Amino acid sequence: MIKIAGIVIISLVLTVFLKGASKEIAIFITIAATVVLLAVVSGEMKEISQTLLDLSSNIDNGKSYIELLIKILGISLLSQFVSDLCRDCGENALASQSETVSKVIILIMIIPLFESVINIVSGLLK
């Protein structure tokens, strides 16, 4: 956590100082810091996803549900990064549109899950 906090603080200080002089360089520093932070935590993220997949191997169709969950989490995180970057650049409308599009993509991805739930519930009601 100390490494992550250090990266964030250094990036923040550089971005604040350079924002007045060159907004483009400040945005580049923000992107670079984000990539470095993602690289730092990618090992843990891979380990967490593997643990979830191992736990779901005992459940029927559990692996497919966990894979779906991991994909949705990835889409959510990427969408948050893109919308925050758009807002940093002053493009609020584009940020909102990217969030809306990601929500639609997630809804499309979970339609098979809704179908499964509806089939289970209708089977229980018969």
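A salt bridge here is a side-chain nitrogen of Lys or Arg within 4 Å of a carboxyl oxygen of Asp or Glu. The model is a predicted one, and by that rule the count comes to one salt bridge. The partners are Glu-99 and Arg-87, whose side chains meet at 3.1 Å, N to O. This pair ties together distant parts of the chain, with Glu-99 in helix 4 and Arg-87 in helix 3, twelve residues apart. As for cover, Arg-87 counts as partly exposed because its relative accessibility is 34%, and partly exposed is the class between the 20% and 50% cut-offs.

Glu-99 has some further company. With its neighbours within four places in sequence set aside, Glu-99 touches Ser-79, Ser-83 and Arg-87. Looking along the chain instead, Leu-124 sits 25 residues from Glu-99 in sequence, and the two C-alpha atoms are 36 Å apart in space.

Now to the surface. Tyr-65, Leu-113, Val-117, Val-121 and Leu-125 make up a nonpolar patch, and together they offer about 440 Å² of accessible area. Helix 4, which runs over residues 92-125, is the main contributor, with four residues. An α-helix has 3.6 residues a turn, so residues three or four places apart point the same way. Tyr-65, another member of the patch, belongs to helix 3 (residues 62-88). Tyr-65 has a relative accessible area of 33%, so it is classed as partly exposed; that value also clears the over 30% needed for a patch.

At the other end of the numbering, helix 1 behaves much as the arithmetic says. Its 20 residues (2-21), at 1.5 Å a residue, should span 28 Å, and the end C-alpha atoms are 29 Å apart, which agrees. Which residues of helix 1 are buried? They are Ile-7, Ser-11 and Thr-15, and the buried residues of this helix pack against helix 2 (23-56).

Ser-11 is worth a look of its own. This helix 1 residue has a relative accessible area of 13%, so it counts as buried, the cut-off being under 20%. A polar atom of the Ser-11 side chain lies 2.8 Å from the backbone oxygen of Ile-7. Beyond its neighbours within four places in sequence, Ser-11 is in contact with Ile-29 and Ala-33.

Terms used: Residues are numbered from 1 along each chain as its sequence is written. This is a predicted model: local features need pLDDT of at least 70, side-chain atom pairs count only at pLDDT 80 or more; totals for chains, interfaces and linings use all residues. Side-chain values use heavy atoms; hydrogens and water are left out. Helices (H or I, at least four residues) and strands (E, at least two) are DSSP runs, numbered from the N terminus. The expected span of a helix is 1.5 Å times one less than its number of residues. Buried means under 20% relative accessible area, exposed over 50%, partly exposed in between (1.4 Å probe, protein chains only). Contact means heavy atoms within 4.5 Å. Patches are made of residues with over 30% relative accessible area and no salt bridge: like charges are joined within 9 Å, nonpolar side chains (Val, Leu, Ile, Met, Phe, Trp, Tyr) within 5 Å. Accessible areas come from the Shrake-Rupley method with a 1.4 Å probe; for residues, only the protein chains shown count as cover. A polar contact is a pair of N or O atoms within 3.5 Å; within protein, one must be able to donate a hydrogen and the other to accept it, and residues adjacent in sequence count only if both atoms are side-chain atoms.
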